[in-house]
Amino acid sequence: MAMRRLVMTFCGIYLAAAALAAATTGHGLIEPVPGYRLSIFWMSPDTLEARIDALVAAGRIFEAQVYAGTHAVSWAVILTLVLVGALRAFIGPSVPLANIRSSAVVLGGLAGLVLLAAVAQPLLDEASRIPSASTTFSSMPAYWLFGMALSAAIVAAHLSLLAHDIALLARRRLFGEAIAEPLEA
């Protein structure tokens, strides 16, 4: 259970830091960015480029820097927690931790977003040209930062626990240890 606490604490600190970074930009985050090309998947390099370009073109350099920094930290959080999860399986006794059903939902949703981002971009380009409340909301940097931070924390937590369980299974196979069932909370 210490591993879960570690993951949740790390994600909580990350979310607080992302909120603090967003707060440093002031009220500008709720102002739509003109000329923004709609993108739905923050993990895509195309989305990063589109959002940074739109902010820079609008003269919102500091917001572009905050977004780029939060993007980099989001990836660092995911990679760090995956590494921590995998390494934790080799340090002392451990039991499987991942909730397979919820992890499958998160990873399935992530796979769906990858597919949707690849297939839907022509439709999003057309939708960007139509003024509506939805396109206005989607062009607000606050929406980008909130979605990125929240999804990075969720993905990082699930991937960390999955990496732990996969490494634990590998450890037990390599060393011939019995696989124990997780303790009920």
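By a nonpolar core I mean a set of buried Ala, Val, Leu, Ile, Met, Phe, Trp, Tyr and Cys residues joined through side-chain atoms within 4.5 Å. The model I looked at is predicted.

**Entry 1: overall layout**

I began with the secondary structure and found 6 helices and 0 strands in the chain. Read from the N terminus, the order of elements is α-α-α-α-α-α. I took the extent of the C-alpha trace next: along the principal axes it spans about 60 × 35 × 25 Å. The chain has 185 residues, and 38% of them are buried. For the accessible surface I noted about 10300 Å², with 73% of that belonging to carbon and sulfur atoms. I also looked up how contacts are spread along the sequence. Of those with a separation of 6 or more, 84% join residues 24 or more positions apart.

**Entry 2: the core**

I then turned to the largest nonpolar core, which holds 39 residues. Which members touch the most others? They are Val 7, Trp 42, Met 43, Tyr 67, Ile 78 and Leu 145. I traced the core back to the helices: α1 (2–23), α2 (45–57), α3 (61–88), α4 (100–128) and α6 (141–175) each give at least two residues. The most come from α6, which supplies 11. In soluble globular proteins, nonpolar side chains tend to be buried together.

I picked Met 43 for a closer look. With neighbours within four places in sequence set aside, Met 43 has contacts to Trp 75, Ile 78, Leu 110 and Val 155. Ile 78 is on that list, and Ile 78 is also among the core members that touch the most others.

**Entry 3: a nonpolar patch on the surface**

I looked for nonpolar side chains on the outside as well. Leu 83, Leu 87, Phe 90, Ile 91, Leu 174 and Phe 175 make a surface patch of about 680 Å². Both α3 and α6 supply at least two residues each to this patch. Phe 90 sits in the loop between α3 and α4. I record Phe 90 as partly exposed because its relative accessibility is 46%, and the partly exposed class lies between 20% and 50%.

**Entry 4: Thr 25**

Is Thr 25, in the loop between α1 and α2, buried or exposed? Thr 25 has 14% relative accessibility, and the limit for buried is under 20%, so I list Thr 25 as buried. A polar atom of the Thr 25 side chain lies 2.7 Å from the backbone oxygen of Ala 22. Away from its sequence neighbours within four places, Thr 25 is in contact with Phe 62, Glu 63 and Val 66.

Glu 63 led me to the salt bridges, of which I count 1. The side chain of Glu 63 meets that of Arg 60 at 2.9 Å, N to O. Both of these residues are buried.

**Entry 5: Asn 99**

My last stop was Asn 99, in the loop between α3 and α4. Its relative accessible area is 45%, so I enter Asn 99 as partly exposed. What does the Asn 99 side chain reach? The backbone nitrogen of Ser 102 is at 3.2 Å from this side chain. The backbone nitrogen of Arg 101 lies 3.1 Å from a polar atom of the Asn 99 side chain. I also checked Asn 99 against Thr 136: they are 37 residues apart in sequence, and their C-alpha atoms are 37 Å apart in space.

Key: Residues are numbered from 1 along each chain as its sequence is written. This is a predicted model: local features need pLDDT of at least 70, side-chain atom pairs count only at pLDDT 80 or more; totals for chains, interfaces and linings use all residues. Side-chain values use heavy atoms; hydrogens and water are left out. Buried means under 20% relative accessible area, exposed over 50%, partly exposed in between (1.4 Å probe, protein chains only). Helices (H or I, at least four residues) and strands (E, at least two) are DSSP runs, numbered from the N terminus. Contact means heavy atoms within 4.5 Å. Patches are made of residues with over 30% relative accessible area and no salt bridge: like charges are joined within 9 Å, nonpolar side chains (Val, Leu, Ile, Met, Phe, Trp, Tyr) within 5 Å. Accessible areas come from the Shrake-Rupley method with a 1.4 Å probe; for residues, only the protein chains shown count as cover. A salt bridge is a side-chain nitrogen of Lys or Arg within 4 Å of a carboxyl oxygen of Asp or Glu. A polar contact is a pair of N or O atoms within 3.5 Å; within protein, one must be able to donate a hydrogen and the other to accept it, and residues adjacent in sequence count only if both atoms are side-chain atoms.
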